[in-house]
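Please open the structure in your viewer and keep the selection panel at hand. The tour below proceeds by selection, with a note on what is found at each stop.

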Amino acid sequence: MNADGRRTEDALELLSAPAEWDLPPGRHLHYKDVLMQQIDQDLGHTPAAAPTPTPAQPLAAAPAPAPRRRLARPAVLAPLAATVLAGTLAVTLTGTGVGHGPAPTDRAASVGARAQNASVTLNRIAVAAMTSDVTPVRDDQFVYVKNLTVENKGTFDGPVELGAPHTVETWTSQDTKPLKTLGWMRESGKDAVMPDETIPIESSDAVPVGIDHPTYAWLSSLPTDPDDLLALLRREVRVSDGESREQAVFSLIGDLLSQTLMPPRNTAALYKAAARIPGVEQIPDAVDVAGRHGIGITREDASSATRDEWIFDKHSLAFLGARGFITHDERKGITSDTLTGSTAVLRRAVVDRHDEKPGGADS
């Protein structure tokens with residue numbers, strides 16, 4: 001058997017085995033992307049691309065947890081339920097064109113207005129969050145989150161290919177001890193990887209509470225002064241190659257807001273901290289993958305040529321979901337916003353077991 005065939009066989013074996021990814025809950029999907037693209041390339045379904053790490057490299061990462069899952073990059077947002085497993089249709093989505101905007105002076109005024117609006121709106125959202133009813137979560141319980149997700153299935157050097165929307169359920173452990181098993185995950189629907197199987201999300205070393213193991217108790221302990229909180233997040237966040245620290249913090253806040261539960265005062269502090277990040281803007285209308293329209297809070301990062309976006313209900317100001325975009329990529333011919341993924345939060349609840357669904361959730 002040749003080397004490519006051996007790698008493919010190893011990758012398929014890894015895909016069918018229990019997951020042991022050095023990643024915190026909800027953030028291991030990048031390595032599914034790497035895995036499935038390697039299978040696809042080995043079986044000859046895509047042209048040979050520039051050398052990329054084999055699946056064994058990220059799966060055998062250093063003891064520290066790998067960087068957060070990111071919506072903004074196609075290689076990071078994708079459980080790529082592979083081209084080799086299901087036929088796909090390449091869909092490249094672009095936004096407004098380049099060179100048709102307002103004059104520089106008008107553009108600067110427009111950006112300033114969007115930034116001011118974002119600050120006002122985030123502070124309104126913080127006030128609304130203070131009125132929310134959140135039951136404290138015990139250390140022996142789990143935070144259950146159900147998302148509807150559409151993700152990029154394309155290769156690293158190919159066009160963006162959006163897969164079918166599918167559900168992703170996570171059960172995040174609230175145990176405050178350092179853990180190797182941080183939670184469990186199950187995907188369902190077309191383009192899900194290992195559909196309908198509940199798999200552990202594990203680390204080779206025990207992960208202490210913190211940004212990679214964000215329990216209710218830990219989140220409750222964070223500063224509620226937005227300036228102090230922002231300073232803490234800037235110190236603690238890990239910045240990916242080519243990414244600005246401001247974008248890394250913005251993305252981290254989005255992860256915490258969408259995938260955890262915390263006391264209202266801490267939720268409000270995160271929104272107020274986000275309002276202080278330079279470059280955050282508001283857009284009047286954004287839509288999540290479930291088709292729900294809302295107010296968009298976004299930040300574009302020139303360093304990584306990406307844009308992250310949060311979506312809030314226009315009336316209740318509740319968090320609805322998120323979208324990620326590539327803004328520029330010469331290899332892919334991208335010169336304006338190209339959607340790489342979208343997630344809608346359908347349900348969040350507290351349960352007592354990792355195989356339990358909250359009352360009223362679909363079976």
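The model on display is predicted.

**Stop 1: the aromatic pair.** Select Phe312 and Phe319 and display their side chains. A pair of aromatic rings is described by the distance of the centres and the angle of the planes. Here the centres are 5.5 Å apart and the planes stand at 90 degrees, an edge-to-face arrangement. A search of the whole structure finds 5 aromatic pairs.

Are these two rings buried or exposed? Phe312 has a relative accessibility of 1% and therefore counts as buried, since the cut-off for that class is under 20%. Phe319, at 11% relative accessible area, is buried as well.

**Stop 2: the cluster.** Add Tyr271 to the selection. Tyr271 joins Phe312 and Phe319 in one aromatic cluster.

**Stop 3: a charge over a ring.** Next, select Arg307 and Phe325. The charged end of Arg307 sits over the Phe325 ring, at 4.2 Å from the ring centre.

**Stop 4: Asp352 and its contacts.** Move to Asp352, in the segment that follows β9 (338-351). With a relative accessible area of 41%, Asp352 is partly exposed.

Which residues does Asp352 touch, not counting those up to four places away in sequence? Select Arg138, Asp140, Gln141 and Phe142 to show them. Gln141 merits a closer view: Gln141 and Asp352 are 211 residues apart along the chain, yet their C-alpha atoms are separated by 4.7 Å. Their side chains also make a polar contact, at 2.9 Å.

Notes
Residues are numbered from 1 along each chain as its sequence is written. This is a predicted model: local features need pLDDT of at least 70, side-chain atom pairs count only at pLDDT 80 or more; totals for chains, interfaces and linings use all residues. Side-chain values use heavy atoms; hydrogens and water are left out. Rings of Phe, Tyr and Trp (its six-membered ring) pair if their centres lie within 6.5 Å; planes under 30 degrees apart count as stacked, over 60 as edge-to-face and the rest as tilted. Buried means under 20% relative accessible area, exposed over 50%, partly exposed in between (1.4 Å probe, protein chains only). A charge sits over a ring if NZ of Lys or CZ of Arg is within 6 Å of the ring centre and within 35 degrees of the ring normal. Helices (H or I, at least four residues) and strands (E, at least two) are DSSP runs, numbered from the N terminus. Contact means heavy atoms within 4.5 Å. A polar contact is a pair of N or O atoms within 3.5 Å; within protein, one must be able to donate a hydrogen and the other to accept it, and residues adjacent in sequence count only if both atoms are side-chain atoms.
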